[in-house]
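Welcome! Please have the viewer ready and work through the exercises below at your own pace, trying each task before you read its solution.

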Amino acid sequence: MDIPGSRRGLIIDCTRKEVSTQSCTSCPELATCPALVFVVNVILLHHRRSRARVYDPSDSHTGAVSLSGVFSSPEERSFTMSSSRYGNSGRSATPASSAYFQGSFESQVPSSAVSDSLQGHQHITDNSENARPYTPSLASARPSTSYSTVSRTTRPSTASGRRPRTGTTASILGLSEQQNIVCALAEARGITPAVGVAFVNVSLGEVILSQICDNQAYVKTIHKIQLASPSRIVFMSTACPPAKNTTLFSLIQELVPDATSHAFDRAAWSENAGHEHIQNLAPHSDVGPIKVALQGKYYAVCSFAAAMKYIEHQFTISFAPHSLRIRYQPSEDTMMIDVAAIQSLEIMQNTHNPKSKESLYGLLNHTCTPMGARMLRRNILQPPTGHETFLRPRLDALEELTTREELFREVRKALRLFHDVEKLLTKLIIVPTSKSISLVEEQIGQVLMLKNFLEAVPELFVALAPVQSALLVKVRELCCPGVTGPILANIQRVIEADVRYMKSPLDLRNQRTFAVKSGVNGMLDVARQTYKELTEEIHQHVDAIQGEFKIAVALKFDNGRKYWLRIKAIDFDFGAPPQLFVNVVRKKDNVECQTLDLIKLNVRLSDASNEVVIRSDVVIEELVGNLRRGASQLFKVCESVALVDMLASFAQLSATRDYVCPDITSTLALKAARHPILDRSHSGNIVPNDYYASEQHCFHIITGCNMSGKSTYIRAVALLQIMAQVGCFVPAEYAAFPIIHNIFARVSMDDNIEASLSTFSVEMREMAFILRNIDDKSLAIIDELGRGTSTRDGLAIAIAMSEALIQAGASVWFATHFIELAKVLGERPGVLNLHLASTTAETPEGLPHLQMLYKATAGTVNDTEHYGIHLARAMGFPASFINKAEEVANDLRQKREAGRQSSEARKLVARRKLLLNLHDALRQARDAGSEESLPGYLQRLQAEFVARMEGLDSMEYVTAGD
């Protein structure tokens, strides 16, 4: 660079940190020129921060950079990497380091192949724009096309499922972390299509395979994809443009808008390739069971092959052999909770405040580890349906944790020692295609984190020593020192025993520098000695500044500036610091700065640190290779820790909130049950209620005045069912639940302006979805059906849909203001009428006063009490308006009464229902009654039956809820 006013040039040797000038004239003032100081500072900073610089030892001017290059174009500033295996990624390397590269690595790659595939959390270089399409043969090659999902114009609603009413699916499902999940699909087109689904979670090193026998609307497939929230969905090229769109492709484009769809060559769906991937990637002990589970699952295996081929061609990663967690998950092994139900029931997040913990997940989440939180989320969204395989062992383990306080405390104490090992292990099993200094540093940090994890496992083993439940005993066996001890010993042979993973930048760099034991590599020991000396020199420099200026100087460190100084502004009398200090930044009462000497020392120290990292790489790479061979066992230990963490979270909640262990039966029976979320937020001041549902009482109609608690009452039963089915205790005095396979909810009165759907249209679409998919193993929550249209049409539709729900045999909880619906259906077998009780009184001023009891009571609400009119009177409406409203209401009620059926027909229906109820009660007494209490119960049952029959004979009509 030419300096103005002089024919002088400037050369900075970045390796020796020297500045020299060349000119035809002498200029004594140049050495102290402030502009020169600034330029030198810029050059050294550029040298330290250059992101792609590796010096070529063959260059005669190695380390010498012209000042003009700093201000040139990015292309001119780039430095070639002709022979290095390492990309610099933000750090410079010395010529000695480059020589080490040449002498240590035979395999050389061009600079364009260098990848930062594992920086930060889990960054993976995507070559989808420039990668070659999948070409199994020259004859069948065709380009790969990607489709980014964008908002589309309105279209007729499909009957396959429902869009979330507000927000994205990811926000509704409470996804707090980004995960890279690739989904591949294969379908067999027929009357009942079979769909093979493969989810490869690149962020967690996990594969889930399913083959779903679905209907023409692909309800189960869409639901599974929505819950998995993949980032990419891979289709056969024949299923999407330019070919004709399949139904499945069109539905996913509409109902899974957050994922990007990609077309891939059909030949990638190969069953042989899928079995080969399973043989090579699954742990040795899992290969046999996986192949047995996948027998006859042709489409699931083919989808797995396509997903792995896509990852191979689009990402610069591969997985270590026998390290990938692969499992087959049948769709019938988990409960299906509709996405709209997840949102409306506030299962994952609060609808009013997404950051609030007033949700079921927020209630249950007392986990200590990220792995436990992820397992809890998976279980809440897809509760297991296996009683003997999942629920009973979990409930037994939870019973032990809640009754043995000392055991619970020790387990929680041990769990707090664990980091997010699941993601750590995934980074270890991903084999990068290139090397960089930052990658080696990251691997050293991963080894240190894994060392911390393995040292924490024995603590959990000791805490679980006294356990007796089968599930906790199995976890203890997996955490046995005999399992993790050899892996830890392998690390301790290379890594210093007192080295720990630290979070602060300086501590982490020091731990990485001194991680490998002394004596393993002589050159490594020399480089570390240089690092120590330079660190001491920096501290001496700071001491010299303090002595010269008589001020207190604090030495700080961060990843950007490296070492820098913090000085109180008052030490400079709030004026400008001396010219010795550069990069001055004023922050409140402090001054942050550096000196040129400190900048030079920082550069030299970074070089020394890089040299240590490079010398450590051979040892670390060999160690990582050994750790990959034990990854499958470590994953099992990790999953065991996550399971114990989830159960301990349940125990924390159950012990502090006085929950009870639920029984798993064929009948839903709850005594004094409480809404779980409100029970916590209201500090136990919520009114408990009873619930009962059986084959003879499966359809419940709940009536009541406004704000009486109908919606809260019916939502509570769905939340309690989910809690019981994930293996948690529930807030009640007694609880028994059946196994439910589907939960549906229709509880909102919102419209959908984006889809041009009114409130009633949204309501009908959701009810059509429920009616199409509900069965006798389902639980449905219906709130205020038919309120979006005229009263007559709404009542007619509500009755018709209720008839269909009764015939399905599902457990339905139906809240409504239609008293006529309760009276019409109350005489049907299987229907039980309930109402939320309230009392009416008058204030001294003559205004009606409604007191909500929030207690579910048999029968319908008293329709002679006009609660809405009472509320209007209390709000101060004119008396003339209130009187007219009461007159109309009474007239309508009298007309309804006149049109009711004769008393003889009603008595016949009532007798029939009474006999069916008696049969149901006798059958339950036979199946579940104890010999001691059975005689007394039968006597009471007989007396009640006789009394009700006599009431019928005396023309006393028995309501449906009696």
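**Exercise 1. A parallel pair**

In which sense do strand 9 and strand 10 (residues 260–264) pair, and over how many bridges?

*Solution.* A word before we start: this is a predicted model.

Step 1. Find strand 9 at residues 232–236 and look across to strand 10. The two strands pair in the parallel sense, and the pairing extends over five bridges.

Step 2. Pick one position to see the register: Val234 stands opposite His262 in strand 10.

Step 3. Now look for another partner of strand 9. Strand 6 (residues 181–188) is joined to strand 9 by three bridges, and these two strands run parallel. Here Ala184 stands opposite Val234.

Step 4. Follow the chain between strand 9 and strand 10. Together with helix 6 (residues 247–255), they make a right-handed β-α-β unit.

Step 5. Finally, check the surroundings of strand 9. Five of its five residues are buried, so strand 9 is largely enclosed by the rest of the structure.

**Exercise 2. Two helices that meet**

At roughly what angle do the axes of helix 7 (residues 271–281) and helix 9 (residues 298–314) cross?

*Solution.* Step 1. The axes of helix 7 and helix 9 come within 7 Å and cross at roughly 70°.

Step 2. Angles of 65 to 115 degrees count as roughly perpendicular. Helix 7 and helix 9 are therefore roughly perpendicular to each other.

Step 3. List who takes part. Helix 7 contributes Glu271, Ala273, Gly274, His275, His277, Ile278 and Leu281, while helix 9 contributes Tyr298, Val301, Cys302, Phe304, Ala305 and Met308.

Step 4. Sort these residues by character: nine are nonpolar, three polar and one charged.

**Exercise 3. Ile290**

Is Ile290 buried or exposed?

*Solution.* Step 1. Locate Ile290 in helix 8 (residues 284–293).

Step 2. The relative accessible area of Ile290 is 6%. Buried means under 20%, so Ile290 is buried.

Step 3. Look at what touches Ile290. Leaving aside neighbours within four places in sequence, its contacts are Ile278, Ala282 and Ile326. You met Ile278 in Exercise 2, as part of the contact of helix 7 with helix 9.

Step 4. For a sense of distance, take Gln279: it lies 11 residues from Ile290 in sequence and 9.6 Å away in space, C-alpha to C-alpha.

**Exercise 4. An antiparallel sheet and its helix**

Which strands stand at the edges of the open sheet with the order 16-17-19-18?

*Solution.* Step 1. This sheet has four strands, with antiparallel pairing.

Step 2. Strand 16 (553–558) and strand 18 (581–587) each have a single partner strand, so they stand at the edges, with one side of each left without a neighbour in the sheet.

Step 3. Direction ignored, neighbouring strands of this sheet are turned by 30° against each other on average.

Step 4. Zoom in on strand 16 and strand 17 (residues 562–568), which run antiparallel and are joined by six bridges. They form a hairpin with three residues between them. In strand 17, Lys562 is the bridge partner of Asp558, and Ile567 is that of Val553.

Step 5. Add the helix. Helix 20 (residues 522–549) packs on the sheet and touches strand 16, strand 17, strand 18 and strand 19 (590–595). The direction of helix 20 makes about 145° with that of strand 16.

**Exercise 5. A mixed sheet**

What kind of pairing does the open sheet with the order 20-24-21-22 have?

*Solution.* Step 1. This open sheet of four strands has mixed pairing.

Step 2. Its edge strands are strand 20 (663–664) and strand 22 (689–693), each pairing on one side only.

Step 3. Take one pair: strand 21 (residues 668–673) and strand 22 run antiparallel, joined by four bridges. Within this pair, Ala673 stands opposite Asn689.

Step 4. Helix 24 (residues 710–726) packs on the sheet, touching strand 21, strand 22 and strand 24 (734–737). Its direction makes about 70° with that of strand 22.

**Exercise 6. The whole protein**

How many helices and strands does the secondary structure of the protein come to?

*Solution.* Step 1. The count is 31 helices and 29 strands.

Step 2. Of the 962 residues of the protein, 51% count as buried.

Step 3. Among contacts between residues at least 6 apart in sequence, 73% join residues at least 24 apart.

Technical notes:
Residues numbered from 1 in each chain as written. Predicted model: local features only at pLDDT ≥ 70, side-chain atom pairs only at ≥ 80, totals over all residues. Heavy atoms only, no water. Axes fitted to C-alpha atoms, helices over the stretch in contact; angles between N-to-C directions. Parallel < 35°, antiparallel > 145°, perpendicular 65-115°, else oblique. Contact = heavy atoms within 4.5 Å. Nonpolar A, V, L, I, M, F, W, Y, C, P; charged D, E, K, R; others polar. Pairing = 2+ DSSP bridges. Buried < 20%, exposed > 50% of the residue type's maximum accessible area, 1.4 Å probe, protein only. Right-handed = clockwise from strand over helix to strand, strands pointing away.
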